[in-house]
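Trainee: Please take me through one part of this model slowly, and then show me how it sits in the rest of the chain. I'd like the cut-offs spelled out as you go.

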Amino acid sequence: LREIYIGGLTGQRPQTTDLKLLEQQAREKLSPEAYAYVAGSASTETTARANLAEFEKWAIVPRMLRSTTLADFTSPTRLFGRDYPTPLIIAPMGVQAQLHPQADIATASAAAELQIPYTHSSAASRPLEAVYEQARFEENESDAWFQLYWPTDDELTESLLKRAKKAGYRVLVVTLDTWQLGWRPRDLDQAYNPFLTGEGVANVFSDPVFVEKYCDGKSPLAPTATKDDITSASVAAISQLSPGVSRSWSELALLRKLWGDGPIVLKGIQSVPDAARAIQAGMDGVWVSNHGGRQVDGAVASLRQLHSISEYVRGIEVEEGKERPTVIFDSGVRTGANVMVALCLGADAVAVGRPWAWGLAVNGQEGVTSVLKTILADFELNSALAGFQSSTQFSKAALVRTDAPL
Ligand code: FNR
(Lines give C-alpha, C1' and ligand atoms only; values in the text may rest on other atoms or scores of the structure.)
Protein backbone atom coordinates (compact mmCIF):
# COMPACT_ATOMS: atom_id res chain seq x y z
CA LEU A 1 0.00 0.00 0.00
CA ARG A 2 2.67 2.41 1.14
CA GLU A 3 4.86 1.38 -1.81
CA ILE A 4 2.07 2.33 -4.22
CA TYR A 5 1.12 5.67 -2.64
CA ILE A 6 4.74 6.82 -2.17
CA GLY A 7 5.59 5.79 -5.74
CA GLY A 8 2.63 7.93 -6.85
CA LEU A 9 4.31 11.06 -5.43
CA THR A 10 7.11 10.66 -7.96
CA GLY A 11 4.73 9.94 -10.78
CA GLN A 12 5.10 6.13 -10.75
CA ARG A 13 1.98 4.26 -11.71
CA PRO A 14 1.85 0.63 -10.65
CA GLN A 15 0.48 -2.22 -12.71
CA THR A 16 -3.27 -2.12 -12.21
CA THR A 17 -4.57 -3.86 -9.09
CA ASP A 18 -7.86 -4.44 -10.93
CA LEU A 19 -7.67 -8.03 -12.20
CA LYS A 20 -10.44 -7.56 -14.74
CA LEU A 21 -8.57 -4.66 -16.28
CA LEU A 22 -5.31 -6.63 -16.21
CA GLU A 23 -7.02 -9.50 -18.01
CA GLN A 24 -8.26 -7.02 -20.61
CA GLN A 25 -4.71 -5.67 -21.08
CA ALA A 26 -3.42 -9.24 -21.46
CA ARG A 27 -6.10 -9.95 -24.01
CA GLU A 28 -4.97 -6.98 -26.10
CA LYS A 29 -1.37 -8.19 -26.02
CA LEU A 30 -1.89 -11.90 -26.66
CA SER A 31 -2.92 -13.78 -29.77
CA PRO A 32 -6.64 -14.60 -29.69
CA GLU A 33 -5.71 -18.29 -29.38
CA ALA A 34 -3.42 -17.84 -26.38
CA TYR A 35 -5.94 -15.62 -24.60
CA ALA A 36 -8.71 -18.16 -25.20
CA TYR A 37 -6.51 -21.00 -23.98
CA VAL A 38 -5.93 -19.36 -20.60
CA ALA A 39 -9.35 -17.78 -20.13
CA GLY A 40 -11.35 -20.76 -21.37
CA SER A 41 -12.81 -23.66 -19.44
CA ALA A 42 -14.79 -26.80 -20.16
CA SER A 43 -17.99 -26.76 -22.22
CA THR A 44 -20.53 -24.19 -20.99
CA GLU A 45 -17.96 -22.97 -18.40
CA THR A 46 -20.60 -23.48 -15.70
CA THR A 47 -18.02 -24.88 -13.30
CA ALA A 48 -15.60 -22.03 -13.89
CA ARG A 49 -18.36 -19.56 -13.02
CA ALA A 50 -19.45 -21.68 -10.04
CA ASN A 51 -15.89 -21.53 -8.67
CA LEU A 52 -16.18 -17.74 -8.44
CA ALA A 53 -19.84 -17.66 -7.37
CA GLU A 54 -19.23 -20.03 -4.47
CA PHE A 55 -16.93 -17.47 -2.84
CA GLU A 56 -19.82 -15.00 -2.75
CA LYS A 57 -21.83 -17.45 -0.65
CA TRP A 58 -19.44 -16.98 2.24
CA ALA A 59 -19.14 -13.70 4.11
CA ILE A 60 -16.53 -12.69 6.65
CA VAL A 61 -17.83 -11.30 9.95
CA PRO A 62 -15.46 -8.46 10.98
CA ARG A 63 -14.58 -8.02 14.67
CA MET A 64 -13.43 -4.76 16.27
CA LEU A 65 -11.09 -3.43 18.97
CA ARG A 66 -8.80 -6.42 18.90
CA SER A 67 -5.44 -4.63 19.02
CA THR A 68 -4.60 -5.94 15.57
CA THR A 69 -1.63 -4.81 13.53
CA LEU A 70 -0.72 -5.49 9.93
CA ALA A 71 2.40 -7.31 11.10
CA ASP A 72 0.34 -10.09 12.69
CA PHE A 73 0.31 -12.06 9.48
CA THR A 74 3.96 -12.93 9.55
CA SER A 75 3.13 -16.22 11.26
CA PRO A 76 4.43 -18.91 8.97
CA THR A 77 2.48 -21.35 6.85
CA ARG A 78 3.77 -24.88 7.32
CA LEU A 79 3.57 -27.14 4.27
CA PHE A 80 5.14 -30.58 4.08
CA GLY A 81 7.58 -29.89 6.88
CA ARG A 82 8.74 -26.46 5.76
CA ASP A 83 7.69 -22.96 6.84
CA TYR A 84 6.73 -20.35 4.26
CA PRO A 85 6.08 -16.67 4.95
CA THR A 86 2.77 -16.58 3.05
CA PRO A 87 -0.15 -18.95 2.45
CA LEU A 88 0.14 -18.64 -1.35
CA ILE A 89 1.39 -21.16 -3.90
CA ILE A 90 1.94 -20.79 -7.64
CA ALA A 91 -0.43 -23.25 -9.33
CA PRO A 92 1.22 -25.24 -12.12
CA MET A 93 0.55 -23.87 -15.60
CA GLY A 94 1.76 -25.40 -18.84
CA VAL A 95 2.90 -23.78 -22.09
CA GLN A 96 3.71 -20.36 -20.62
CA ALA A 97 5.77 -19.46 -23.71
CA GLN A 98 2.52 -18.43 -25.34
CA LEU A 99 2.18 -15.71 -22.66
CA HIS A 100 5.70 -14.22 -22.51
CA PRO A 101 9.13 -15.00 -24.00
CA GLN A 102 10.59 -15.50 -20.49
CA ALA A 103 7.82 -18.00 -19.81
CA ASP A 104 8.33 -20.23 -16.76
CA ILE A 105 11.61 -18.51 -15.83
CA ALA A 106 9.76 -15.23 -15.19
CA THR A 107 7.09 -16.88 -13.06
CA ALA A 108 9.55 -18.98 -11.09
CA SER A 109 11.82 -15.98 -10.43
CA ALA A 110 8.92 -13.88 -9.14
CA ALA A 111 7.85 -16.73 -6.85
CA ALA A 112 11.39 -17.35 -5.59
CA GLU A 113 11.83 -13.70 -4.59
CA LEU A 114 8.64 -13.75 -2.55
CA GLN A 115 9.39 -17.21 -1.11
CA ILE A 116 6.17 -18.53 -2.56
CA PRO A 117 6.48 -22.16 -3.68
CA TYR A 118 6.54 -22.38 -7.46
CA THR A 119 5.02 -25.48 -9.05
CA HIS A 120 6.69 -26.44 -12.32
CA SER A 121 4.29 -28.02 -14.81
CA SER A 122 5.18 -31.21 -16.66
CA ALA A 123 3.97 -29.27 -19.69
CA ALA A 124 6.26 -26.30 -19.00
CA SER A 125 7.80 -24.41 -21.90
CA ARG A 126 11.26 -24.53 -20.34
CA PRO A 127 13.23 -27.53 -19.03
CA LEU A 128 12.88 -28.06 -15.29
CA GLU A 129 16.67 -27.82 -14.70
CA ALA A 130 16.98 -24.44 -16.43
CA VAL A 131 14.07 -23.02 -14.44
CA TYR A 132 15.41 -24.27 -11.13
CA GLU A 133 18.85 -22.78 -11.74
CA GLN A 134 17.78 -19.48 -13.24
CA ALA A 135 15.11 -18.68 -10.66
CA ARG A 136 17.72 -18.96 -7.88
CA PHE A 137 15.51 -20.79 -5.40
CA GLU A 138 18.29 -21.64 -3.00
CA GLU A 139 19.79 -18.14 -2.92
CA ASN A 140 16.31 -16.83 -2.10
CA GLU A 141 15.71 -19.49 0.58
CA SER A 142 12.71 -20.52 -1.43
CA ASP A 143 11.71 -23.79 -3.03
CA ALA A 144 10.06 -25.36 -6.02
CA TRP A 145 7.64 -28.24 -6.50
CA PHE A 146 7.23 -30.49 -9.54
CA GLN A 147 3.84 -31.27 -11.08
CA LEU A 148 3.41 -34.56 -12.92
CA TYR A 149 1.06 -35.33 -15.74
CA TRP A 150 1.49 -39.06 -15.38
CA PRO A 151 2.79 -40.52 -18.68
CA THR A 152 1.70 -43.97 -19.84
CA ASP A 153 5.38 -44.81 -20.28
CA ASP A 154 6.87 -45.75 -16.90
CA GLU A 155 10.41 -45.16 -18.10
CA LEU A 156 9.49 -41.60 -19.03
CA THR A 157 7.80 -41.12 -15.65
CA GLU A 158 10.91 -42.37 -13.92
CA SER A 159 13.14 -40.12 -15.97
CA LEU A 160 11.05 -36.99 -15.29
CA LEU A 161 10.95 -37.69 -11.55
CA LYS A 162 14.66 -38.43 -11.36
CA ARG A 163 15.45 -35.21 -13.17
CA ALA A 164 13.13 -33.22 -10.89
CA LYS A 165 14.62 -34.71 -7.75
CA LYS A 166 18.17 -34.18 -8.93
CA ALA A 167 17.48 -30.58 -9.89
CA GLY A 168 16.17 -29.83 -6.37
CA TYR A 169 12.36 -29.94 -6.60
CA ARG A 170 11.06 -30.82 -3.13
CA VAL A 171 7.38 -31.77 -3.44
CA LEU A 172 5.76 -33.96 -6.10
CA VAL A 173 2.31 -32.77 -7.21
CA VAL A 174 0.44 -35.45 -9.16
CA THR A 175 -2.43 -34.05 -11.21
CA LEU A 176 -5.17 -36.66 -11.52
CA ASP A 177 -7.91 -34.80 -13.36
CA THR A 178 -6.30 -34.30 -16.77
CA TRP A 179 -5.56 -37.76 -18.15
CA GLN A 180 -7.30 -36.30 -21.20
CA LEU A 181 -7.85 -32.61 -21.96
CA GLY A 182 -11.40 -31.46 -21.21
CA TRP A 183 -13.92 -30.35 -23.85
CA ARG A 184 -12.91 -26.73 -24.33
CA PRO A 185 -14.98 -24.98 -26.99
CA ARG A 186 -12.85 -21.83 -27.14
CA ASP A 187 -9.85 -23.95 -28.19
CA LEU A 188 -11.86 -26.36 -30.31
CA ASP A 189 -13.42 -23.55 -32.32
CA GLN A 190 -9.99 -22.18 -33.17
CA ALA A 191 -8.52 -25.68 -33.65
CA TYR A 192 -5.85 -24.62 -31.18
CA ASN A 193 -3.72 -26.78 -28.95
CA PRO A 194 -0.62 -25.01 -27.62
CA PHE A 195 1.13 -28.33 -27.03
CA LEU A 196 1.28 -28.73 -30.78
CA THR A 197 2.73 -25.32 -31.61
CA GLY A 198 6.33 -26.41 -31.13
CA GLU A 199 7.37 -23.87 -28.51
CA GLY A 200 5.11 -25.60 -25.99
CA VAL A 201 6.73 -28.33 -24.03
CA ALA A 202 10.52 -28.06 -23.77
CA ASN A 203 10.24 -29.75 -20.40
CA VAL A 204 9.40 -33.01 -22.15
CA PHE A 205 11.48 -32.34 -25.26
CA SER A 206 14.56 -32.04 -23.03
CA ASP A 207 14.03 -35.49 -21.52
CA PRO A 208 16.63 -38.07 -22.61
CA VAL A 209 14.20 -41.01 -22.43
CA PHE A 210 11.63 -39.10 -24.47
CA VAL A 211 14.23 -38.19 -27.11
CA GLU A 212 15.54 -41.74 -27.29
CA LYS A 213 12.18 -43.50 -27.47
CA TYR A 214 9.96 -41.04 -29.29
CA CYS A 215 12.28 -38.90 -31.43
CA ASP A 216 14.72 -41.51 -32.77
CA GLY A 217 17.42 -39.98 -30.60
CA LYS A 218 17.16 -36.57 -32.32
CA SER A 219 16.38 -33.78 -29.85
CA PRO A 220 13.45 -31.63 -31.02
CA LEU A 221 15.23 -28.74 -29.27
CA ALA A 222 18.35 -29.03 -31.46
CA PRO A 223 18.86 -26.20 -33.98
CA THR A 224 18.86 -28.85 -36.71
CA ALA A 225 15.36 -30.09 -35.82
CA THR A 226 12.97 -29.64 -38.74
CA LYS A 227 9.34 -28.53 -38.51
CA ASP A 228 8.29 -32.14 -39.10
CA ASP A 229 10.54 -33.37 -36.27
CA ILE A 230 8.99 -30.83 -33.92
CA THR A 231 5.44 -31.68 -34.95
CA SER A 232 5.90 -35.40 -34.45
CA ALA A 233 7.63 -34.79 -31.09
CA SER A 234 4.73 -32.56 -30.04
CA VAL A 235 2.20 -35.26 -30.91
CA ALA A 236 4.23 -37.81 -28.93
CA ALA A 237 4.50 -35.42 -25.97
CA ILE A 238 0.79 -34.75 -25.80
CA SER A 239 -0.01 -38.44 -26.02
CA GLN A 240 2.23 -39.02 -22.99
CA LEU A 241 1.02 -36.09 -20.88
CA SER A 242 -2.64 -36.48 -21.72
CA PRO A 243 -2.85 -40.12 -22.81
CA GLY A 244 -6.59 -40.77 -22.55
CA VAL A 245 -6.01 -43.47 -19.93
CA SER A 246 -6.62 -42.91 -16.24
CA ARG A 247 -4.27 -44.62 -13.82
CA SER A 248 -5.66 -46.41 -10.74
CA TRP A 249 -5.16 -46.00 -6.98
CA SER A 250 -2.92 -49.06 -6.68
CA GLU A 251 -0.43 -47.56 -9.14
CA LEU A 252 0.45 -44.74 -6.73
CA ALA A 253 2.88 -47.21 -5.19
CA LEU A 254 5.07 -46.73 -8.25
CA LEU A 255 5.29 -42.97 -7.69
CA ARG A 256 6.06 -43.51 -4.00
CA LYS A 257 8.88 -45.85 -4.99
CA LEU A 258 10.30 -43.37 -7.48
CA TRP A 259 9.94 -40.28 -5.25
CA GLY A 260 11.22 -42.03 -2.10
CA ASP A 261 10.43 -40.30 1.20
CA GLY A 262 9.75 -36.93 -0.43
CA PRO A 263 6.31 -35.34 -0.04
CA ILE A 264 3.63 -36.26 -2.60
CA VAL A 265 0.31 -34.42 -2.97
CA LEU A 266 -2.58 -35.41 -5.24
CA LYS A 267 -4.09 -32.53 -7.22
CA GLY A 268 -7.68 -32.70 -8.39
CA ILE A 269 -9.25 -34.21 -5.28
CA GLN A 270 -12.89 -33.15 -4.93
CA SER A 271 -14.48 -35.59 -2.52
CA VAL A 272 -13.97 -37.03 0.96
CA PRO A 273 -13.80 -40.64 -0.29
CA ASP A 274 -10.97 -39.74 -2.68
CA ALA A 275 -9.18 -37.77 0.04
CA ALA A 276 -9.44 -40.87 2.24
CA ARG A 277 -7.99 -43.08 -0.48
CA ALA A 278 -5.15 -40.65 -1.02
CA ILE A 279 -4.20 -40.73 2.64
CA GLN A 280 -4.58 -44.52 2.80
CA ALA A 281 -2.23 -44.74 -0.16
CA GLY A 282 0.41 -42.94 1.89
CA MET A 283 0.17 -39.56 0.20
CA ASP A 284 1.25 -36.49 2.16
CA GLY A 285 -1.57 -34.23 1.17
CA VAL A 286 -4.51 -33.44 -1.06
CA TRP A 287 -4.88 -30.49 -3.42
CA VAL A 288 -8.59 -29.68 -3.68
CA SER A 289 -9.10 -28.38 -7.21
CA ASN A 290 -11.28 -28.74 -10.28
CA HIS A 291 -8.54 -27.35 -12.53
CA GLY A 292 -10.25 -23.97 -12.74
CA GLY A 293 -13.32 -25.61 -14.30
CA ARG A 294 -11.31 -26.72 -17.32
CA GLN A 295 -11.99 -30.44 -17.08
CA VAL A 296 -15.47 -31.61 -15.93
CA ASP A 297 -18.14 -29.11 -16.86
CA GLY A 298 -21.07 -29.12 -14.46
CA ALA A 299 -18.73 -30.27 -11.69
CA VAL A 300 -19.14 -28.92 -8.19
CA ALA A 301 -17.32 -25.70 -7.27
CA SER A 302 -14.00 -26.57 -5.71
CA LEU A 303 -14.64 -24.31 -2.67
CA ARG A 304 -17.88 -26.11 -1.88
CA GLN A 305 -15.98 -29.35 -1.24
CA LEU A 306 -13.15 -27.82 0.75
CA HIS A 307 -14.57 -27.83 4.27
CA SER A 308 -15.72 -31.46 4.35
CA ILE A 309 -12.36 -32.58 2.97
CA SER A 310 -10.31 -30.47 5.36
CA GLU A 311 -12.41 -31.64 8.33
CA TYR A 312 -11.79 -35.21 7.28
CA VAL A 313 -8.05 -34.68 6.94
CA ARG A 314 -7.78 -32.80 10.23
CA GLY A 315 -9.63 -35.65 11.95
CA ILE A 316 -7.11 -38.29 10.90
CA GLU A 317 -5.00 -39.76 13.66
CA VAL A 318 -1.38 -38.98 13.02
CA GLU A 319 1.51 -41.16 14.17
CA GLU A 320 3.94 -39.72 16.73
CA GLY A 321 6.56 -37.55 15.12
CA LYS A 322 4.65 -37.22 11.83
CA GLU A 323 2.78 -34.19 10.52
CA ARG A 324 -0.87 -34.35 9.50
CA PRO A 325 -1.50 -34.39 5.74
CA THR A 326 -1.59 -30.99 4.05
CA VAL A 327 -4.69 -29.52 2.37
CA ILE A 328 -4.14 -27.17 -0.55
CA PHE A 329 -6.93 -25.40 -2.37
CA ASP A 330 -7.30 -23.80 -5.79
CA SER A 331 -9.87 -22.80 -8.40
CA GLY A 332 -11.27 -19.31 -8.30
CA VAL A 333 -8.85 -17.49 -5.96
CA ARG A 334 -8.73 -13.86 -7.10
CA THR A 335 -8.61 -11.61 -3.99
CA GLY A 336 -7.36 -11.35 -0.43
CA ALA A 337 -10.87 -12.09 0.82
CA ASN A 338 -10.90 -15.28 -1.27
CA VAL A 339 -7.67 -16.38 0.42
CA MET A 340 -9.21 -15.68 3.85
CA VAL A 341 -12.36 -17.67 3.08
CA ALA A 342 -10.37 -20.67 1.81
CA LEU A 343 -8.18 -20.62 4.94
CA CYS A 344 -11.30 -20.34 7.12
CA LEU A 345 -12.73 -23.42 5.39
CA GLY A 346 -9.62 -25.41 6.24
CA ALA A 347 -7.02 -24.94 3.51
CA ASP A 348 -3.44 -24.82 4.75
CA ALA A 349 -2.51 -22.80 1.66
CA VAL A 350 -4.12 -21.62 -1.55
CA ALA A 351 -2.78 -21.80 -5.08
CA VAL A 352 -3.19 -18.95 -7.53
CA GLY A 353 -3.57 -19.66 -11.25
CA ARG A 354 -5.04 -17.33 -13.86
CA PRO A 355 -4.39 -14.00 -12.06
CA TRP A 356 -0.60 -14.18 -12.34
CA ALA A 357 -0.87 -15.50 -15.91
CA TRP A 358 -2.39 -12.13 -16.89
CA GLY A 359 0.45 -10.35 -15.07
CA LEU A 360 2.99 -12.50 -16.93
CA ALA A 361 1.41 -11.65 -20.27
CA VAL A 362 1.37 -7.91 -19.58
CA ASN A 363 4.67 -7.32 -17.74
CA GLY A 364 6.70 -10.55 -17.53
CA GLN A 365 8.36 -11.29 -14.18
CA GLU A 366 7.41 -7.88 -12.74
CA GLY A 367 3.85 -8.50 -13.76
CA VAL A 368 3.74 -11.77 -11.86
CA THR A 369 5.36 -10.14 -8.81
CA SER A 370 2.85 -7.33 -8.88
CA VAL A 371 -0.15 -9.68 -8.98
CA LEU A 372 1.20 -11.80 -6.12
CA LYS A 373 2.02 -8.73 -4.01
CA THR A 374 -1.43 -7.31 -4.70
CA ILE A 375 -3.21 -10.44 -3.50
CA LEU A 376 -0.92 -10.66 -0.46
CA ALA A 377 -1.32 -7.03 0.56
CA ASP A 378 -5.07 -7.26 0.11
CA PHE A 379 -5.11 -10.45 2.20
CA GLU A 380 -3.06 -8.97 5.05
CA LEU A 381 -4.94 -5.69 5.18
CA ASN A 382 -8.36 -7.29 4.88
CA SER A 383 -7.55 -9.86 7.56
CA ALA A 384 -6.30 -7.21 9.99
CA LEU A 385 -9.26 -4.92 9.33
CA ALA A 386 -11.60 -7.85 9.97
CA GLY A 387 -9.98 -8.28 13.38
CA PHE A 388 -7.88 -11.38 12.86
CA GLN A 389 -4.84 -11.28 15.12
CA SER A 390 -3.03 -14.23 13.59
CA SER A 391 -3.46 -16.81 10.87
CA THR A 392 -4.34 -19.38 13.53
CA GLN A 393 -7.70 -17.63 13.96
CA PHE A 394 -8.99 -18.54 10.52
CA SER A 395 -11.91 -20.88 11.07
CA LYS A 396 -15.38 -21.52 9.73
CA ALA A 397 -16.78 -19.78 12.83
CA ALA A 398 -15.50 -16.49 11.37
CA LEU A 399 -17.82 -16.83 8.34
CA VAL A 400 -21.55 -16.81 7.63
CA ARG A 401 -23.38 -18.28 4.65
CA THR A 402 -25.09 -15.50 2.75
CA ASP A 403 -27.83 -17.83 1.55
CA ALA A 404 -28.72 -19.19 5.01
CA PRO A 405 -31.94 -17.98 6.68
CA LEU A 406 -31.38 -15.26 9.30
C1 FNR B 1 -3.76 -24.84 -15.77
N2 FNR B 1 -3.72 -25.80 -14.75
C3 FNR B 1 -2.76 -26.78 -14.77
N4 FNR B 1 -2.71 -27.70 -13.76
C5 FNR B 1 -1.73 -28.64 -13.73
O6 FNR B 1 -1.72 -29.46 -12.81
N7 FNR B 1 -0.78 -28.67 -14.72
C8 FNR B 1 -0.77 -27.80 -15.76
O9 FNR B 1 0.09 -27.84 -16.62
C10 FNR B 1 -1.81 -26.83 -15.81
N11 FNR B 1 -1.88 -25.94 -16.84
C12 FNR B 1 -2.82 -24.94 -16.82
C13 FNR B 1 -2.84 -23.99 -17.85
C14 FNR B 1 -3.74 -22.95 -17.81
C15 FNR B 1 -3.72 -21.93 -18.91
C16 FNR B 1 -4.66 -22.84 -16.73
C17 FNR B 1 -5.64 -21.67 -16.63
C18 FNR B 1 -4.66 -23.78 -15.73
C19 FNR B 1 -4.65 -25.69 -13.60
C20 FNR B 1 -4.07 -24.80 -12.50
O21 FNR B 1 -2.99 -25.42 -11.86
C22 FNR B 1 -5.15 -24.46 -11.44
O23 FNR B 1 -5.73 -25.64 -10.95
C24 FNR B 1 -6.22 -23.53 -11.99
O25 FNR B 1 -5.63 -22.50 -12.74
C26 FNR B 1 -7.07 -22.94 -10.88
O27 FNR B 1 -8.12 -22.20 -11.39
P28 FNR B 1 -8.11 -20.59 -11.48
O29 FNR B 1 -8.09 -20.06 -10.08
O30 FNR B 1 -6.92 -20.20 -12.27
O31 FNR B 1 -9.40 -20.24 -12.19
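Mentor: What follows starts with one helix and then widens out to the chain around it.

Two bits of housekeeping. This is a predicted model, where local features need pLDDT of at least 70 and side-chain atom pairs count only at pLDDT 80 or more, while totals for chains, interfaces and linings use all residues. Residues are numbered from 1 along each chain as its sequence is written.

The part to zoom in on is α7, which covers residues 154-167. Helices (H or I, at least four residues) and strands (E, at least two) are DSSP runs, numbered from the N terminus. Start with its length: the 14 residues of α7 should span 20 Å at 1.5 Å a residue, and its end C-alpha atoms are 20 Å apart, so the two agree. That expected span is 1.5 Å times one less than the number of residues in the helix.

Now for its two sides. L156, T157, L160, L161, R163 and A164 are the buried residues of α7. Here a residue is buried if 20 or more other C-beta atoms lie within 10 Å of its own, exposed if 12 or fewer, and partly exposed in between, with C-beta atoms placed from the backbone. Those buried residues cover an arc of only 160° around the axis, so they sit on the same side of α7. The arc is that of the directions from the helix axis to the C-beta atoms. The spacing fits a general rule: an α-helix has 3.6 residues a turn, so residues three or four places apart point the same way. Over on the other side of α7, E155 and K166 are exposed.

What does the buried side of α7 pack against? Its partners are α6 (128-134), β6 (144-149), β7 (171-175), α10 (208-214), α11 (227-241) and α12 (252-259). Contact means that the C-beta atoms of two residues, placed from the backbone, lie within 7 Å.

K165 also belongs to α7. It counts as partly exposed because it has 16 other C-beta atoms within 10 Å. Its C-alpha atom is 9.9 Å from that of G260, although K165 and G260 are 95 residues apart along the chain. Just past the end of α7, G168 takes a positive phi of about 125°.

Speaking of phi, most residues other than glycine have a negative one. H291 is not a glycine, yet its phi is positive, at about 65°. UniProt, in an unreviewed entry, lists H291 under "active site"; such annotations may be inferred rather than shown by experiment, and UniProt positions are given in the numbering used here, with feature names shortened. H291 lies in the loop between β9 (285-288) and α14 (302-314). It counts as buried because it has 26 C-beta neighbours inside 10 Å. Leaving aside neighbours within four places in sequence, H291 is in contact with D177, T178 and G268. Q115 is another non-glycine with a positive phi, about 55°, and it sits in the loop between α5 (103-113) and β5 (118-120).

Zooming out, the protein chain has 16 helices and 12 strands. A compact globule of 406 residues would have a radius of gyration near 22 Å, and the chain has 21 Å, so that agrees too. The radius is taken over C-alpha atoms, and the globule rule is 2.2 Å times the number of residues to the power 0.38. Along its principal axes, the C-alpha trace spans about 70 × 55 × 45 Å. Of the 406 residues, 48% count as buried. Among contacts between residues at least 6 apart in sequence, 75% join residues at least 24 apart.

The largest nonpolar core has 112 residues, and those with the most contacts inside it are L172, V286, I328, A342, A347 and V350. Helix α16 (residues 354-385) gives the largest share of this core, 12 residues. Such a core is a set of buried Ala, Val, Leu, Ile, Met, Phe, Trp, Tyr and Cys residues joined through C-beta atoms within 7 Å. Beyond four places in sequence, the contacts of V286 include V265, L266, I269 and I309.
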